[in-house]
Amino acid sequence: MAYRTEQEHEHRKNIFRQNLRYIHSKNRAKLTYTLAVNHLADKTEEELKARRGYKSSGGYNTGKPFPYDVSKHQDEIPAQYDWRLFGAVTPVKDQSVCGSCWSFGTIGHLEGAFFLKNGGDLVRLSQQALIDCSWPFGNNGCDGGEDFRVYQWMMQVGGVPTEEEYGPYLGQDGYCRINNVTLVAPIKGFVNVTSNDPNAFKLALLKHGPLSPECKNDVDGLDHAVLAVGFGTIKGEDYWLVKNSWSTYWGNDGYILMSARKNNCGVMTMPTYVEM
């Protein structure tokens with residue numbers, strides 16, 4: 001990678017060295033996962049934090065309660081599932097330096113829900129429209145947002161535009177052009193999945209498509225939205241199959257098999273799904 005000045009090159013090299021030491025120290029511990037160098041290895045923790053744009057406001061989000069008695073649906077839950085195999089997941093994207101993970105997770109869920117609604121036709125929906133237009137409901141574009149605020153906005157305007165019609169993702173805040181495009185995927189409401197219940201999470205994912213949960217780091221609580229597209233078990237360890245929005249250079253081609261043990265990363269804390 002080329003840097004603008006020799007000073008910046010030296011600065012980035014020192015950050016890279018620190019991150020490399022961290023990678024080696026984790027891998028020496030022989031944990032259930034391994035780390036490796038990727039395109040973010042020369043970034044500081046503050047720069048990475050800027051990409052984790054989920055901003056939880058706390059409190060009740062106006063969603064409906066989970067309507068299923070999970071005990072009556074246990075036989076419907078398979079040992080593993082992957083929505084990618086059914087064509088319900090669009091390719092991994094890159095949110096760049098904009099803290100818009102909330103728009104990628106939400107759009108990923110809406111694309112899956114719309115896939116189920118319209119007979120298996122996968123349509124790419126616009127993250128940029130969410131960034132540009134959902135401000136009146138409390139979202140803040142590249143400075144963070146929440147899924148339920150998108151749902152509230154959608155219920156007012158009548159849906160969301162396709163990526164093809166609204167235009168490509170910009171990686172920055174833009175002007176809202178919602179009045180000049182056709183809206184699709186209207187929703188009737190949204191539901192809160194029972195918190196910290198793995199079977200409720202699996203059931204919601206099976207019946208309503210990929211879910212957009214929030215993850216947390218050790219310090220800031222829930223601060224990054226992702227997309228759960230499946231689940232399974234490997235070497236006796238249950239996992240969630242999670243799609244990130246940090247390009248295919250991150251994780252395994254943009255995905256991670258995330259341990260489901262003890263609500264790891266907070267995945268099961270506040271999941272929601274829409275009603276179409």
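These legends walk through close-up views of a predicted model.

**View 1. The largest nonpolar core centres on a handful of well-connected residues.**
Start with Phe66, Phe201, Leu205 and Trp240, which have the most contacts inside this 35-residue core. Helix H7 (198-208), strand S5 (227-234), strand S6 (237-243) and strand S7 (255-259) each supply at least two of the core's residues. H7 gives the most, with six residues. As a reminder for the bench, nonpolar side chains in soluble globular proteins tend to be buried together.

**View 2. Trp240 and its neighbours.**
Leaving aside residues up to four places away in sequence, Trp240 touches residues including Pro198, Phe201 and Lys202. Gly230 and Phe231 are also among its contacts, as is the run Ile256, Leu257, Met258, Ser259 and Ala260. Val267 and Met268 complete the list. Apart from the core of View 1 lies another core, of 29 residues, with Cys142, Phe148, Val274 and Met276 among them.

**View 3. Helix H7 is mostly covered.**
Eight of the eleven residues in H7 are buried. Follow the helix and you will meet them as Ala200, Phe201, Lys202, Leu203, Ala204, Leu205, Leu206 and His208. What do these buried residues of H7 pack against? Their partners are strand S1 (81-82), helix H3 (101-117), S5, S6 and strand S8 (272-275).

**View 4. The largest pocket draws on two domains.**
This pocket holds about 2200 Å³ of space. Its lining counts 47 residues, and Tyr22, Tyr33, Leu35, Trp250 and Ile256 lie nearest the centre. Domain 1 (1-43) and domain 2 (44-275) each contribute at least three lining residues. Helix H1 (6-28), helix H2 (45-51), strand S3 (214-217), strand S4 (221-225), S6 and S7 each provide at least two. By character, the lining divides into 23 nonpolar, twelve polar and twelve charged residues. Ile256 is worth a second look: besides lying among the residues nearest the pocket centre, Ile256 is touched by Trp240.

**View 5. A cavity lined in part by helix H3.**
How many cavities of 30 Å³ or more does the model have? The count comes to one, and the volume of this largest cavity is about 110 Å³. Of the 14 residues lining the cavity, Phe104, Gly105, Lys243, Asn244 and Ser245 are the closest to its centre. H3, a helix that buried residues of H7 pack against, gives the most to the cavity lining, with five residues. Five nonpolar, six polar and three charged residues make up the lining.

Technical notes:
Residues are numbered from 1 along each chain as its sequence is written. This is a predicted model: local features need pLDDT of at least 70, side-chain atom pairs count only at pLDDT 80 or more; totals for chains, interfaces and linings use all residues. Side-chain values use heavy atoms; hydrogens and water are left out. A nonpolar core is a set of buried Ala, Val, Leu, Ile, Met, Phe, Trp, Tyr and Cys residues joined through side-chain atoms within 4.5 Å. Buried means under 20% relative accessible area, exposed over 50%, partly exposed in between (1.4 Å probe, protein chains only). Helices (H or I, at least four residues) and strands (E, at least two) are DSSP runs, numbered from the N terminus. Contact means heavy atoms within 4.5 Å. On a 1 Å grid over the protein atoms alone, a cavity is a set of points where a 1.4 Å probe fits but cannot get out, and a pocket is an open set with protein on both sides within 12 Å along at least five of seven lines; lining residues have an atom within 4 Å of a point. Grid points are joined across faces, edges and corners, and a volume is the space filled by probe spheres set on the points. Ala, Val, Leu, Ile, Met, Phe, Trp, Tyr, Cys and Pro count as nonpolar, Asp, Glu, Lys and Arg as charged, and the others, Gly among them, as polar. Domain bounds come from an automatic or database domain assignment.
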